[in-house]
Amino acid sequence: MMTAERFLALTAAYGADRRRWPDGERAAAEAFVAARDDLARPALAEADAIDALLHRSPTPQVSMALRDRVLAAATSAGGKVGRTGRVWIDRLSLMFGAGWAAAACAGVVAGVMLTGHVTADLQADAVLYQASLLAIDDTEVLG
């Protein structure tokens with residue numbers, strides 16, 4: 001169901017020609033026009049007047065000289081305009097990336113070093129336990 005505020009917003013945004021309105025709202029707008037002609041008619045008349053004024057206005061023509069000047073200025077600027085302000089951002093992101101890479105490498109090295117000691121200690125305990133056994137234990141053989 002369309003409200004009066006939504007109908008007025010549609011006429012302001014898309015004009016009086018309802019073919020330019022969003023597909024999903026055309027049927028609701030038609031129903032609103034049929035139900036509230038007293039509100040819809042002035043809004044559509046105002047939008048139609050604005051549409052006519054816009055259609056009568058001349059289309060601006062850009063001169064070739066202006067186009068060539070803009071293209072020449074953009075070409076002469078090259079990459080300098082966009083890159084000068086971003087150099088410090090690029091360097092900062094490079095430092096952050098290097099910091100994250102160093103932290104990841106340090107974590108891997110620490111993990112390998114700690115795991116080696118823990119594994120060696122567990123293996124030594126297992127060997128000492130098995131050496132202290134006087135007989136074969138079924139749980140040791142069968143798991």
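R26 is partly exposed, with a relative accessible area of 29%, where partly exposed stands between buried (under 20%) and exposed (over 50%), taken with a 1.4 Å probe and protein chains only. The model is a predicted one, in which local features need pLDDT of at least 70 and side-chain atom pairs count only at pLDDT 80 or more, while totals for chains, interfaces and linings use all residues. Residues are numbered from 1 along each chain as its sequence is written, and side-chain values use heavy atoms, leaving out hydrogens and water.

**Exercise 1.** Find the salt-bridge partner of R26 and describe where the two residues lie.

Solution. Begin with the contact itself: the side chains of R26 and D23 meet in a salt bridge at 2.8 Å, N to O, the term meaning a side-chain nitrogen of Lys or Arg within 4 Å of a carboxyl oxygen of Asp or Glu. Next, place the pair: both residues lie in helix α2, three residues apart, which is about one turn of the helix; helices here are DSSP runs of H or I with at least four residues, numbered from the N terminus. Finally, consider exposure: D23 counts as exposed at 61% relative accessibility, whereas R26 is partly exposed at 29%.

**Exercise 2.** Work out how the salt bridge of R18 and E30 is placed along the chain.

Solution. The side chains of R18 and E30 meet in a salt bridge of 3.5 Å, N to O. This pair links distant parts of the chain, since R18 sits in the loop between α1 (4-14) and α2 (23-35) while E30 belongs to helix α2, 12 residues apart. As for exposure, R18 is partly exposed at 23% relative accessible area, and E30 is likewise partly exposed at 41%.

**Exercise 3.** Explain how far apart R41 and D37 are in helix α3.

Solution. The closest N and O atoms of their salt bridge are 2.6 Å apart. Because R41 and D37 are four residues apart in helix α3 (residues 37-56), about one helical turn separates them. R41 counts as exposed at 55%, and D37 is partly exposed at 32%.

**Exercise 4.** Which residues make the nonpolar surface patch?

Solution. The patch, of about 740 Å², is made by W88, I89, L92, M95, F96 and W100; patch residues have over 30% relative accessible area and no salt bridge, with nonpolar side chains joined within 5 Å and like charges within 9 Å. One of them, F96, lies in helix α6 (residues 87-132) and is exposed, with a relative accessible area of 52%.

Note on methods: Areas by Shrake-Rupley, 256 points an atom, 1.4 Å probe, with all protein chains shown as cover.
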